Amino acid sequence: MTLTRHWIVGPGALGRLIALRLADRASVTLVARRPLPAEQTLITPADGVLTRRVEVARIEALPAPPDVVHLTTKAHGAEAAHAALASHLPAGVPLVLWQNGFDAQPRLAERHAGPVLCATTTEGAHVQDDTRVTHAGHGHTFLGSLTGDQHALATELATVLSSAGLPAEAVFDIRVRLWRKLAVNAAINPLVARAGIRNGELREAPYRARVETLLGELAPILAAEGIAPPDGAGLDGWRRLVWQVIEATAANRASMLQDVQAGRPTEHEAILAPLLVAAERHGLAAPGLAEHLAALRARAAAVAPPGDGC
Ligand code: PAF
C-alpha cells in the first residue's frame, strides 16, 4: 500500500501539525465542520515559520477517498466524527486514531470497515488561531493496532511521518502505551485542571500528597489490567514515571487545564472512566479518581454541550 493521500479529520493543533508536516510529501486534506483558511502556518520549535496551502474540505463535500484517514479530534468527538465520515469511505481505507485515553479506540476498531491503528504521541502543539499552530516541542509517536496485527501498515505510516519530521515507530504493544499515557494523564491532568496550576506546582504542598494518593489508586488498577510501567515495577515504577513527567513539563499548562481555561470540554471520560471501569471490574477502590471524574462531569454538565471536535 502507498500512503500518499491523507485525510486529517479534526483540524485542531495535532491535526494541523500533522497536515503541515506532511504537506510537502503527500496530498493532505483537512476535513472540518466549519470553514478554515487553506493557507496554514506552523511555528516550528526553532521559531521558524512554515506556511503551506492545504486542501480544506467540509464533511458534507468530501473529495475522492484517501489512502488513510487520521482521526485527530479530541477523544469525546471521535465517534461522532467517524460516524459522519464512515458512509463516505470505501471499505478497506485504514483509520488512524490519535486520541488520548482509552475510550473510543476499542469500539472504533470494531466498527471501522478497514484496518485501524492507534497512535500515541508526545509531540506538543497548540492552536494560535484559525491560520496558525505552534509546534511547541518535538516528540515521538508510536503506532500499532490493538490486536498487534497491521505491523506492515504501521511501519509504512511510521516511515511517512518520520520523513516528514514527526519521528514515529511501529510497535506491537500500543495498548500498553495508550494505558501508560492515560495513567500519567490521570495523575496530572484532573488535579492541575481543577486547581488552575502549572504542572510543576504539583511538587508543592498540598498537591504532592494528592498526586501520591492518585498513584496509590492507579498502581493496583494498572497491575490488575496487566499494564506495567516502562521502568521498574508497581507503584515505584509509576511514581518514577509520573514525577519524571511532572519535572520535564514543570512550566506547562497541561492540556486539560488549557481546555478548562478556554471553556472547552475536557477529556475526563477518556482518561478517568476506563480506570474506574477497570477498578470496579477488579474490585478495587479508587475514591480519589472517582471524585475527580464526578467533579469534571459536573463541570461538563454546566458548560456548553460538547462539540465533536472536528
Ligand atoms: O495532557 C498533557 O498536557 C500532557 O499529556 C501531560 C503529560 C499531562 C503534560 O502536560
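**Contacts across a two-domain chain**

Glu-269, with a relative accessibility of 28%, counts as partly exposed, because it falls between the 20% limit for buried and the 50% limit for exposed. Before I go on, please note that this is a predicted model. The partner of Glu-269 is Arg-297, and these two residues form a salt bridge in which the closest N and O atoms are 3.0 Å or less apart, to be exact 2.6 Å. Let me say that again plainly: the figure is 2.6 Å. Glu-269 is in helix H9 (residues 268–281) and Arg-297 is in helix H10 (residues 287–302), so the pair links distant parts of the chain, 28 residues apart. Arg-297 is also partly exposed, at a relative accessible area of 40%.

Now the overall layout. The chain is divided into domain 1, residues 5–172, and domain 2, residues 175–303. The contact between them takes 17 residues from domain 1 and 15 residues from domain 2. Taken over C-alpha atoms, the centres of the two domains are separated by 25 Å. About 1400 Å² of area is buried between domain 1 and domain 2, and carbon and sulfur atoms give 58% of it.

How many salt bridges are counted between domain 1 and domain 2? The count is 1. Lys-74 forms a salt bridge with Asp-259, and there the closest N and O atoms are 3.0 Å apart.

Next, Thr-73. This residue is in the loop between strand E6 (68–71) and helix H2 (78–86). Is Thr-73 buried or exposed? Its relative accessible area is 4%, which is under 20%, so Thr-73 is buried. From Thr-73 to Asn-100 is 27 residues in sequence, and 9.7 Å in space, C-alpha to C-alpha.

Back to salt bridges. The structure holds 19 of them. One of these joins Glu-247 and Arg-203, with the closest N and O atoms 2.6 Å apart. Glu-247 lies in helix H7 (residues 234–248), while Arg-203 lies in the loop between H5 and helix H6 (207–224), so this pair ties together parts that are 44 residues apart in sequence. Both ends are partly exposed: Glu-247 has a relative accessible area of 47%, and Arg-203 has 29%.

Another salt bridge runs from Arg-240 to Asp-231, and its closest N and O atoms are 3.7 Å apart. Arg-240 is partly exposed at 38% relative accessibility, and Asp-231 is partly exposed at 44%. There is also a network of salt bridges, which links Glu-79, Asp-103, Arg-107 and Arg-111.

On to the rings. How many aromatic pairs does the structure hold? It holds 1. The pair is Phe-102 and Trp-179, with ring centres 5.5 Å apart and planes at 40 degrees; that angle is neither under 30 nor over 60 degrees, so the pair is tilted. Phe-102 is in the loop between strand E7 (95–97) and helix H3 (104–111), and Trp-179 is in helix H5 (residues 174–195), so that the pair links parts of the chain 77 residues apart. Phe-102 counts as buried at 13% relative accessibility, and Trp-179 counts as buried at 3%.

Two arginines sit over rings. Arg-177 lies over the face of Phe-142, 4.0 Å from the ring centre. Arg-208 lies over the face of Trp-243, at 4.2 Å from the ring centre.

Last, the backbone. Most residues other than glycine have a negative phi, and most peptide bonds are trans. Here are some exceptions. The peptide bond from Ala-205 to Pro-206 is cis, with omega near 0 degrees. Pro-206 is in the loop between H5 and H6.

Where is Asp-47 in the chain? It is in the loop between strand E3 (39–43) and strand E4 (49–53). Asp-47 is not a glycine, yet its phi is positive, at about 65 degrees. With a relative accessibility of 65%, Asp-47 counts as exposed. Gln-150 has a positive phi near 60 degrees, and is a residue other than glycine. Gln-150 is found in the loop between strand E11 (141–144) and helix H4 (151–163), and is partly exposed, with a relative accessible area of 30%.

Key
Residues are numbered from 1 along each chain as its sequence is written. This is a predicted model: local features need pLDDT of at least 70, side-chain atom pairs count only at pLDDT 80 or more; totals for chains, interfaces and linings use all residues. Side-chain values use heavy atoms; hydrogens and water are left out. Rings of Phe, Tyr and Trp (its six-membered ring) pair if their centres lie within 6.5 Å; planes under 30 degrees apart count as stacked, over 60 as edge-to-face and the rest as tilted. Helices (H or I, at least four residues) and strands (E, at least two) are DSSP runs, numbered from the N terminus. Buried means under 20% relative accessible area, exposed over 50%, partly exposed in between (1.4 Å probe, protein chains only). A charge sits over a ring if NZ of Lys or CZ of Arg is within 6 Å of the ring centre and within 35 degrees of the ring normal. Domain bounds come from an automatic or database domain assignment. Contact means heavy atoms within 4.5 Å. Buried area is the accessible area (1.4 Å probe) that two parts lose on being put together, summed over both. A salt bridge is a side-chain nitrogen of Lys or Arg within 4 Å of a carboxyl oxygen of Asp or Glu.
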